[in-house]
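Me: Could you give me a close look at one part of this model, picking a starting residue and working outwards from there? I'd like a connected account that I can follow with the coordinates open.

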Amino acid sequence: MECIFCKIIKGEIPCQKVYEDSAFIAFLDIAPINHGHILVLPKKHFINFFETPENVLADLIKISKKIAKAMCETLNTDSFNLGVNTNKTAGQLVPHLHFHLIPRFSGDGLKHWSRKEYKKGEIEEYGERIMREIENV
Ligand code: 5GP
Ligand code: ZN
């Protein structure tokens, strides 16, 4: 499967690259949430978080930490959000696993997600159902 990020990796579409090694690449998001917003991804095409092997995710998180540190130092902030949109309903547009590193600045105008409430007994029910399911995964 070929996607837009595979084309960027192959050099068929240009990008503003900030990091590359034999297995990973990082470049600036073309439509940044804040300036300096970086996408970090494996060169191999995995369609989403679930489909990506754990050893690849482990290396990706190590590289992302290093890049996030450099991003924050460069942009003179200590704050950023790490995001992984997984599948359409969560807003994943490009079907090639990528981490978003979004630098944050005080007064940048971005709002955190709105919150919901649990009715009585619901938090226990959700927690117990998910805990049971983890044993089956
Ligand atoms: P997703 O919604 O899949 O988590 O995020 C995809 C991201 O890729 C979006 O933030 C979008 O702005 C970025 N993007 C899409 N096409 C391109 C492109 O051609 N070049 C770059 N640098 N970023 C892109
Ligand atoms: Zn791809």
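Reply: Happy to. Let's start at lysine 43, in the loop between S3 and H2. Please keep in mind that this is a predicted model. Lysine 43 counts as partly exposed, because its relative accessible area is 22% and the buried class ends at 20%. From its C-alpha to that of histidine 98 is 10.0 Å in space, although 55 residues separate the two in sequence.

The loop that holds lysine 43 also carries a metal donor, histidine 45, between strand S3 (38-42) and helix H2 (54-75). So which residues hold the zinc ion (ligand 2)? The protein donors are Cys3 and Cys6, each through SG, together with His45 and His96, each through ND1. Their distances to the zinc ion run from 2.1 to 2.3 Å. Written along the sequence, the spacing of these donor residues is C-x2-C-x38-H-x50-H. The two histidines tie together distant parts of the chain, 51 residues apart: histidine 45 is in the loop already mentioned, while histidine 96 sits in the loop between strand S4 (79-83) and strand S5 (99-104).

What is the geometry of the 4 donor atoms around the zinc ion (ligand 2)? The arrangement is tetrahedral, because the angles the donors subtend are 102 to 122°, and the rule asks that all of them fall between 85 and 135 degrees. Histidine 96 is buried, since its relative accessible area is 0%, whereas lysine 43 is partly exposed.

With cysteines among the donors, you may wonder about disulfides. The count comes to 0. Cysteine 15, for instance, is in no disulfide, and the nearest cysteine sulfur belongs to cysteine 3, 13 Å away. The cut-off for a pair of sulfur atoms is 2.5 Å, so that distance does not qualify. Cysteine 15 is partly exposed at 29% relative accessibility. Cysteine 72, by contrast, is buried, with a relative accessible area of 9%.

Let's turn to the open spaces. The second largest pocket holds about 390 Å³. It is lined by 19 residues, with Phe5, Asp29, Ile30, Leu39 and Val94 closest to its centre. Helix H1 (4-10) and strand S2 (24-28) each give at least two residues to this lining, and H1 gives the most, with 3 residues. H1 also spans the position of one zinc donor, Cys6. By class, the lining of the second largest pocket splits into 12 nonpolar, 6 polar and 1 charged.

The largest pocket has a volume of about 470 Å³. Of its 16 lining residues, Ile33, Asn81, Gly83, Ile102 and Trp113 lie nearest the centre. S4 and S5 are the elements that supply two or more residues to the lining. Those are also the strands on either side of the loop with histidine 96. The lining of the largest pocket has 7 nonpolar, 6 polar and 3 charged residues.

The loops that flank S4 hold two backbone features. Asparagine 76, in the loop between H2 and S4, has a positive phi of about 60° without being a glycine. Asparagine 87, in the loop between S4 and S5, also has a positive phi, near 75°. These are worth a look because most residues other than glycine have a negative phi. Asparagine 76 is exposed, with a relative accessible area of 72%; asparagine 87 counts as partly exposed at 38%.

Back in helix H2 you will find alanine 58, which is partly exposed, with a relative accessible area of 35%. Its C-alpha is 15 Å from that of asparagine 48, and the two are 10 residues apart in sequence.

To place all this in the whole, the chain has 3 helices and 5 strands, in the order α-β-β-β-α-β-β-α. Its C-alpha atoms fill a box of roughly 50 × 40 × 25 Å along the principal axes. Of its 137 residues, 31% count as buried, histidine 96 and cysteine 72 among them.

Methods
Residues are numbered from 1 along each chain as its sequence is written. Chains are lettered from A and ligands numbered from 1 in the order in which they are written. This is a predicted model: local features need pLDDT of at least 70, side-chain atom pairs count only at pLDDT 80 or more; totals for chains, interfaces and linings use all residues. Side-chain values use heavy atoms; hydrogens and water are left out. Donors are N, O and S atoms within 2.8 Å of the metal (3.2 Å for Na, K and Ca); water is not among the atoms, so sites may look incomplete. Four donors count as tetrahedral if all angles lie between 85 and 135 degrees; four count as square planar and six as octahedral if opposite donors are over 155 degrees apart and all others between 65 and 115; anything else is irregular. Helices (H or I, at least four residues) and strands (E, at least two) are DSSP runs, numbered from the N terminus. Buried means under 20% relative accessible area, exposed over 50%, partly exposed in between (1.4 Å probe, protein chains only). On a 1 Å grid over the protein atoms alone, a cavity is a set of points where a 1.4 Å probe fits but cannot get out, and a pocket is an open set with protein on both sides within 12 Å along at least five of seven lines; lining residues have an atom within 4 Å of a point. Grid points are joined across faces, edges and corners, and a volume is the space filled by probe spheres set on the points. Ala, Val, Leu, Ile, Met, Phe, Trp, Tyr, Cys and Pro count as nonpolar, Asp, Glu, Lys and Arg as charged, and the others, Gly among them, as polar.
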